[in-house]
Amino acid sequence: MDQAELDAAYTQSNWAPNATDIQAQYRSRSESARERLKLRRVPYGDSSVEQLDLFDAPGQPSKAPILIFVHGGAWAGGTASDYSFVAERFVDAGFHVVIPDFDNVKDVNGNLAVLADQVRRCIRWCYESAPEFNGE
């Protein structure tokens, strides 16, 4: 494949013509979720993008499991706030939900290792900080 064919193959809108409608639904559902759930915005690293959305499990007298959701967007778009809706069912089931933000692959010259390292740091933050928010 040449570069144009590769770009076409990885352009998600070529495969999902209703992507704009789906993304609008995600944003709407996420706004509703943020209004209903307890949300904290927490840094997990040093750069301004290295923050996560933490949705606390409600009323947990004991430790609750942690679900980490790494959002989609082909590493090239989307933010944690676009995917807040994912947290609803898991929080309602007694989970803490973490959704990290990370760099856009285009902003780091296509270096996926940067993004992988950011996700790794988010996971480490969850592991080290779990006792502070009663996670396990």
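## Notebook: strand 2 and its surroundings

I began with the pairing of strand 2 and found that 4 bridges join strand 2 to strand 4, the two running antiparallel. The model I am reading is a predicted one, and I keep that in mind for every entry below.

On the other pairing, I looked up strand 1 (residues 39–43), which is joined to strand 2 by 5 bridges, again in an antiparallel arrangement. I then followed a single residue across the sheet: Leu54 is the bridge partner of Arg40, and Leu54 also stands opposite Val98 in strand 4.

Next I asked how far strand 2 is enclosed by the rest of the structure. I found 4 of its 5 residues buried, so strand 2 is largely enclosed.

I listed the contacts of Leu54, leaving aside its neighbours within four places in sequence, and noted Lys38, Leu39, Arg40, His96, Val97, Val98, Trp125 and Phe133.

Turning to the nonpolar cores, I asked which members of the largest one, with its 14 residues, touch the most other members. These are Tyr44, Leu52, Leu54, Val98, Cys122 and Trp125. Two elements, strand 2 and helix 4 (112–133), give two or more residues to this core, and helix 4 supplies the largest share, with 6 residues. I also recorded a second, separate core of 8 residues, among them Phe55, Ala80, Val91 and Ile99. As a reminder to myself, side chains in a regular strand alternate between the two faces of the sheet.

For helix 3 (residues 85–92), I noted that the buried residues are Phe85, Val86, Ala87 and Val91, and that these pack against helix 2, strand 2 (51–55) and strand 4 (96–100). Val91 therefore appears in two of my entries, as a buried residue of helix 3 and as a member of the second core, whose definition requires buried residues joined through side-chain atoms within 4.5 Å. Just after helix 3, I found Gly94 with a positive phi of about 95°.

Last, I looked at the largest pocket, for which I noted a volume of about 640 Å³. The lining comprises 23 residues, and those lying nearest the centre of the pocket are Gln12, Gly73, Ala74, Ala76 and Gly77. The elements giving two or more residues to this lining are helix 1 (3–9) and helix 2 (19–36), and helix 2 gives the most, with 5 residues. Sorting the lining by class, I recorded 10 nonpolar, 9 polar and 4 charged residues.

Note on methods
Residues numbered from 1 in each chain as written. Predicted model: local features only at pLDDT ≥ 70, side-chain atom pairs only at ≥ 80, totals over all residues. Heavy atoms only, no water. 1 Å grid on protein atoms, 1.4 Å probe; cavity = no way out; pocket = protein on both sides within 12 Å on 5 of 7 lines; lining within 4 Å. Points joined across faces, edges and corners; volume = space filled by probe spheres on them. Nonpolar A, V, L, I, M, F, W, Y, C, P; charged D, E, K, R; others polar. Buried < 20%, exposed > 50% of the residue type's maximum accessible area, 1.4 Å probe, protein only. Contact = heavy atoms within 4.5 Å. Pairing = 2+ DSSP bridges.
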